[in-house]
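Visitor: I'm new to this one. Could you walk me through how to read it?

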Amino acid sequence: MSLSREQMLVEMGLGPIWRVRDQVPPSEFCPAPALEPEMPLVPASLTKQDVRTEQPSSEGQLPSVALAAPNWPDLAKQVAECRACSLCQQRKQAVLGVGDRQADWLFVGEGPGAEEDVQGEPFVGQAGKLLDNMLAALDLKRDNKVYIANAVKCRPPGNRTPEAAEMAACRPYLERQIALIKPKIIVLLGKAAVHSVLHEDKTLASMRGHCFDYQGIPVVVTYHPAYLLRNLPDKAKAWEDLLLARRILRQKVTVATNPDLPF
Ligand code: URA
Ligand code: SF4
């Protein structure tokens, strides 16, 4: 059964969307770099690259990911066989990601849960249903212009939050995925994804509504769908975040396809 756009928004628990959109002029939150290159998108403290001080939790017993493979087939094989952190010990399988490998949108979650561990695909449980509804509300699907990945590729036992060292061990794979996909916008779902991609541990509430930078790619931060399932009123905030991401993407595309625009 396919739902109408309005039904999907109702399903997501979202109020009237157009009001939200009008209240958030794009330039106020996220000036596109191509439009105003002299303007910093984010405070300097948030743009500096990670100095990679974290160590794998296995304390050197397991091999680290020296360099993630440069192409998809090798990357998939490397991840499937990876034993670079202790999460390899209880996984049924590693979950690389799903979707369009030439996606405009990259969504990054935390790590596989029980169902993802069994099925080998990210976000197939309850949180995944909500994520699919959020995508549908944007006229997107997980296999069309969208790629979905996680900060760690193996299920943390009991669905606990991955440790910083586990995320550090797995980060080269995510970095390689980003390099291969070259998305136009990255949406980080929850704190683990923010930690992994932006190396930042501030609260999500303080980071929402801003545009960050990952190697020239705009990044927007929002709540994890599993959190939203427990905190329904925050769905409207997540919707605002997605609209912000869409505006940034559209701005980027407009500039790229109209290089003669007078700004
Ligand atoms: N939560 C995540 O962060 N990722 C998944 O793949 C599933 C649930
Ligand atoms: Fe390797 Fe990542 Fe799985 Fe750890 S979580 S074993 S680094 S693929």
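Guide: Let's go through the overall make-up, one helix, the core and the salt bridges.

Guide: This is a predicted model: local features need pLDDT of at least 70, side-chain atom pairs count only at pLDDT 80 or more, and totals for chains, interfaces and linings use all residues. Residues are numbered from 1 along each chain as its sequence is written, chains are lettered from A and ligands numbered from 1 in the order in which they are written, and side-chain values use heavy atoms, with hydrogens and water left out.

Visitor: How many helices and strands does the protein chain have?

Guide: Helices (H or I, at least four residues) and strands (E, at least two) are DSSP runs, numbered from the N terminus. Here the protein chain has 12 helices and six strands.

Visitor: And what share of the residues counts as buried?

Guide: Buried means under 20% relative accessible area, exposed over 50%, and partly exposed in between, using a 1.4 Å probe and protein chains only. By that yardstick, 50% of the 263 residues are buried.

Visitor: How do I check the length of a helix, say H8?

Guide: Take 1.5 Å times one less than its number of residues to get the expected span. H8 covers residues 164-181, so its 18 residues should span 26 Å, and the end C-alpha atoms are 24 Å apart, which agrees.

Visitor: Where in H8 is there a kink?

Guide: A bend is the angle between axes fitted to the seven residues ending at a residue and the seven starting there. In H8 the kink is about 45 degrees and sits at Cys170, shortly before the proline Pro172. Just after the helix comes Lys182, with a positive phi near 50 degrees.

Visitor: Why is H8 described as largely enclosed?

Guide: Because 13 of its 18 residues are buried, the rest of the structure largely encloses it.

Visitor: Which residues touch the most other members of the largest nonpolar core?

Guide: A nonpolar core is a set of buried Ala, Val, Leu, Ile, Met, Phe, Trp, Tyr and Cys residues joined through side-chain atoms within 4.5 Å. This one has 70 residues, and Trp105, Phe107, Ile186, Leu188 and Leu198 touch the most other members. Helix H12 (residues 235-257) supplies the largest share, eight residues. Contact means heavy atoms within 4.5 Å. Leaving aside neighbours within four places in sequence, Ile186 has contacts that include Leu106, Ile178 and Tyr214.

Visitor: Is Trp239, in helix H12, buried or exposed?

Guide: Trp239 is buried, at a relative accessible area of 1%.

Visitor: What about salt bridges: how many does the structure hold?

Guide: A salt bridge is a side-chain nitrogen of Lys or Arg within 4 Å of a carboxyl oxygen of Asp or Glu. The structure holds nine. Take Asp104 with Lys184, whose closest N and O atoms are 2.9 Å apart. Asp104 is in the loop between strands E1 and E2, while Lys184 is in the loop between H8 and strand E4, so the pair ties together parts 80 residues apart in sequence. Asp104 is buried at 15%, whereas Lys184 is partly exposed at 32%.

Visitor: Which residue does Asp241 meet in a salt bridge?

Guide: That's Arg208, at 2.8 Å from N to O. Asp241 lies in helix H12 and Arg208 in the loop between helix H10 and strand E5, 33 residues apart. Both Asp241 and Arg208 are buried.

Visitor: Which residues are joined into one network?

Guide: Glu121, Asp132 and Arg142 are, through salt bridges that share partners.
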